[in-house]
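Subject: The structure for you to look at

Hi,

Here is the structure I promised to pass on. Have a look at it first, then read on for what turned up in it.

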Amino acid sequence: MMAEADLVPSGQDAHLELEEDDHPITLTVKFTPASHTSVWSFPADATLDELITRCDELWPDYDWNQAKLMISPLSRQTDPPALKALLKPISDGDLPITLLDNKTIKLLAQKRTDIASLNTVAAAAAAKRAAKARHRAVHKTNVTAQQDAKYTFHTLRPLPYLPQPERSLAFLQRLKEDPGIRGVMRKHKYSVGLLTEMDPAAYTAESHEGTTRILGLNRNKGEVIELRLRTDAGDGYRDYNTIRKTLCHELAHNVHGPHDRDFWDLCHLIEREVAAGSGGRTVGEVSNGPVGEDEDEVADHGAWVGGEYVLGGGAGPSGSATPMDRREIMARAAEARMRETERASREARERSQRDAQGRSSRPPRQGGGHGASQ
Ligand code: NI
């Protein structure tokens, strides 16, 4: 230990009045914000808490609970392990001040007002981040709405001559708005002109082996998809999951005609995507076999049906079936597509304006006007 006379600069004579056997502890305290550098002395039984208390008295504007004390010089040979280069009032308050004898203590502390304003800045930054995230979410919703309008079934039509066509229309609507189906339509960019129901009396073949029912048809790579919604008698409806699985099958025919390896790979991919997109509700077991519950039910004959399409053709018992040729279907589909795209863009613009005006606390609408998702 150095002699006291060497330690204490001139003017710091207060402790010199102490009795020699009191062995006061002296240390150099530096606090840059207050341009302070001087030697402080403490009784030998003092702890770090007393130093902090003195700091608090001298500079009450600073937060000494959160302060840090940098100790130098440190020697591995002579200093005990308890003495660290960085001390904190919260954890090291009980440290005997004797350990700091002859050391230099550099104090690091923040003004309380600085901390308060830092909190304000942090809160402002958080609000900004939240606003950005909200904006991104609205933008994403807009993009989804536009894609929903483009990649969808542009016309839904039940068979008009069967009982309660509005029930069939609701069924087709449910398929169109199924979140899993919508996701697949967007991802694969499928645009189907007409989704309609198949006459249960048609595509049902009687043979000596029994009855074969075709559950779905895809005409000309997605111009028209027909689904068998009703039971044979025409008054009941088949299971939704079975019909949706048939729709997966028919959508795969948008790309591949024959039931080859490529077709089944795509079909199974679509089935998985629909299941995942519908919150885990399964489409049914993935298999290469028939999609119906009855083994004589087949999705279709594995090829596109081309040529003229007559709504209810060949089966309309009332004879009131309306002929609808391909050109008309395509024209209607194009018209519907344009109308829906325009509406989606308009809604997206309106939403963006509302967002810009800061009235976006309301959750953004889903689905671009196709109605509530399930
Ligand atoms: Ni098929």
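A good place to begin is a pair of neighbours in a sheet: strand 1 and strand 2 pair in the antiparallel sense, with seven bridges between them. To find a spot on that pairing, look for Lys30, which stands opposite Thr37 in strand 2. If sheets are new to you, their strands pair through backbone hydrogen bonds, either parallel or antiparallel. Before you go further, keep in mind that this is a predicted model.

Now step back to the sheet these strands belong to. It is an open sheet of five strands in the order 2-1-5-3-4, and its pairing is mixed. Strand 2 and strand 4 are the edge strands, as each of them pairs on one side only.

Next, find helix 2, which covers residues 48-58. Helix 2 lies across strands 1, 2, 3, 4 and 5, and its direction is at about 135° to strand 2. Which residues of helix 2 are buried? They are Leu48, Leu51, Ile52 and Cys55. Looking down the axis of helix 2, you will see these buried residues fall within an arc of 100°, so they line one face of the helix. As for what they pack against, the list is strand 1 (25-31), strand 2 (36-42), strand 3 (68-72), strand 4 (86-87), strand 5 (104-108) and also helix 3 (89-92).

On to the charged side chains. The count of salt bridges comes to 11, and a few of them are worth finding on screen.

- Asp148 and Arg186 meet through their side chains in a salt bridge, at 2.8 Å from N to O. Asp148 sits in helix 4 (residues 112-150) and Arg186 in helix 6 (residues 179-188), so this pair ties together parts that are 38 residues apart in sequence. Asp148 counts as buried because its relative accessibility is 2%, whereas Arg186, at 21%, counts as partly exposed. The cut-off for buried is under 20%.

- Glu197 forms a salt bridge with Arg230, and their closest N and O atoms are 2.9 Å apart. Glu197 belongs to strand 7 (residues 192-197), while Arg230 is in the loop between strand 11 (224-227) and helix 7 (240-252), so the pair ties together parts 33 residues apart in sequence. Are these two partners buried or exposed? Glu197 counts as buried at 1% relative accessibility, and Arg230 is buried with a relative accessible area of 1%.

- Glu226 forms a salt bridge with Arg219, with the closest N and O atoms 2.6 Å apart. Both Glu226 and Arg219 are buried.

- Asp56, Asp63 and Arg112 are linked in a network of salt bridges.

Finally, some numbers for the protein chain as a whole. The chain has nine helices and 12 strands. It has 374 residues, of which 41% count as buried. How do its contacts spread along the sequence? Taking contacts between residues at least 6 apart in sequence, 67% join residues at least 24 apart. The accessible surface of the chain comes to about 20400 Å², and 52% of that belongs to carbon and sulfur atoms.

If you want a route through it on screen, start with Lys30 and Thr37, go on to the buried residues of helix 2, and end with the salt bridge of Asp148 and Arg186.

Cheers

Notes
Residues are numbered from 1 along each chain as its sequence is written. This is a predicted model: local features need pLDDT of at least 70, side-chain atom pairs count only at pLDDT 80 or more; totals for chains, interfaces and linings use all residues. Side-chain values use heavy atoms; hydrogens and water are left out. Buried means under 20% relative accessible area, exposed over 50%, partly exposed in between (1.4 Å probe, protein chains only). Helices (H or I, at least four residues) and strands (E, at least two) are DSSP runs, numbered from the N terminus. The arc is that of the directions from the helix axis to the C-beta atoms. Contact means heavy atoms within 4.5 Å. Two strands pair if DSSP finds at least two bridges between them. Axes are lines fitted to C-alpha atoms, for helices over the stretch in contact, and angles run from 0 to 180 degrees between N-to-C directions. A salt bridge is a side-chain nitrogen of Lys or Arg within 4 Å of a carboxyl oxygen of Asp or Glu. Accessible areas come from the Shrake-Rupley method with a 1.4 Å probe; for residues, only the protein chains shown count as cover.
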